[in-house]
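Trainee: Before we begin, could you show me the model, and then take me through the reasoning behind the terms used for it?

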Amino acid sequence: MKTTETPDERSRLALDLARSVAVALEEDLSRQQRVTLVVSGGSTPKPFLQALSAIELPWSRVDVTLADERWVAIDDDDSNDRFVRTHLLINHAAQACFHSLVNDAAGPEEGAAEVGERIAALSWPASVVVLGMGGDGHTASLFPDSEQLSAGLESDETVIAAHAPSVSQPRISLTRHRLMQSRRRYLHLTGEDKKRTLAAAMAGSDVHELPIRAFLDASLALYWAP
Ligand SMILES: O=C(O)[C@H](O)[C@@H](O)[C@H](O)[C@H](O)COP(=O)(O)O
């Protein structure tokens, strides 16, 4: 029955993705001193991050950052920073160097310049960007109902401050421009609802309706399980 198969399929998917990402990082680490890995928050990546953390790599040469973040304290339950520290920066990956998308500023507008400068100083193009997607077709914090969506899709800054009526907390997000500065991009999704959203995204072209469309090119590797 599907209900009993689903967790296994999701675990297998997470492991497959972790192995692909590890191979990619290792390949780039054989040619350059430092590599950048961009991961997403949310709930889907948890088993992937845990699986990746258990793979032996020269992690001390890996810079990890996030596709986006909620502007909350780093010990808040909703913090992606905390999520990455809990699920990725453990086991072998405890040696990686994590770069937060938040600072002490009052909000993302005030903090974005410093964060952008720090993140831009990492090694680009990133080796790997792992994106997630919401049921509304957002990725990172590029939300369809956000006033900052055009900036997120078109600006050549590294990060933008973002707000959207559909989400309660202010956000900071890497821009499309920065996320596309990557050698490999993966989209990690689970569930039938997201499969339907992805199919709708593939069937049209308005990036403002479903922002994930701005990332759907031939080089995006899709990792989906029921
Ligand atoms: O929540 C976040 O931190 C990310 O901003 C977001 O883009 C995420 O990848 C999607 O919302 C999917 O989230 P789930 O994996 O929780 O469905």
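Mentor: This is a predicted model. Let us start with a definition: rings of Phe, Tyr and Trp, with the six-membered ring taken for Trp, count as a pair if their centres lie within 6.5 Å. By that rule, a search of the whole structure finds 1 aromatic pair.

Trainee: What makes Arg 178 count as lying over the face of Trp 124?

Mentor: The cut-off for a charge over a ring is 6 Å from the ring centre, with CZ as the atom used for Arg. Arg 178 is at 4.7 Å from the ring centre of Trp 124, so the distance meets the cut-off of 6 Å. Lys 195 is likewise placed over the face of Trp 224, at 4.6 Å from the ring centre.

Trainee: Why is the approach of Asp 68 to the ligand called a polar contact?

Mentor: A polar contact needs a pair of N or O atoms within 3.5 Å. An N or O atom in the side chain of Asp 68 is 2.2 Å from a ligand oxygen, and therefore the pair qualifies. A polar side-chain atom of Asn 80 lies 2.8 Å from an oxygen atom of the ligand, while for Ser 43 a backbone N or O atom is 2.7 Å from a ligand oxygen. Taken alone, the ligand exposes 410 Å², of which the protein buries 87%.

Trainee: Which classes of residue make up the shell around the ligand?

Mentor: The shell has 9 polar, 4 charged and 2 nonpolar residues, and the ligand itself sits in the largest pocket.

Terms used
Residues numbered from 1 in each chain as written. Predicted model: local features only at pLDDT ≥ 70, side-chain atom pairs only at ≥ 80, totals over all residues. Heavy atoms only, no water. Polar contact = N/O pair within 3.5 Å; in protein donor to acceptor, adjacent residues only side chain to side chain. Areas by Shrake-Rupley, 256 points an atom, 1.4 Å probe, with all protein chains shown as cover. 1 Å grid on protein atoms, 1.4 Å probe; cavity = no way out; pocket = protein on both sides within 12 Å on 5 of 7 lines; lining within 4 Å. Sits in = over half its atoms within 2 Å of the grid points. Nonpolar A, V, L, I, M, F, W, Y, C, P; charged D, E, K, R; others polar. Phe/Tyr/Trp six-rings, centres within 6.5 Å; stacked < 30°, edge-to-face > 60°. Lys NZ or Arg CZ within 6 Å of the ring centre and 35° of its normal.
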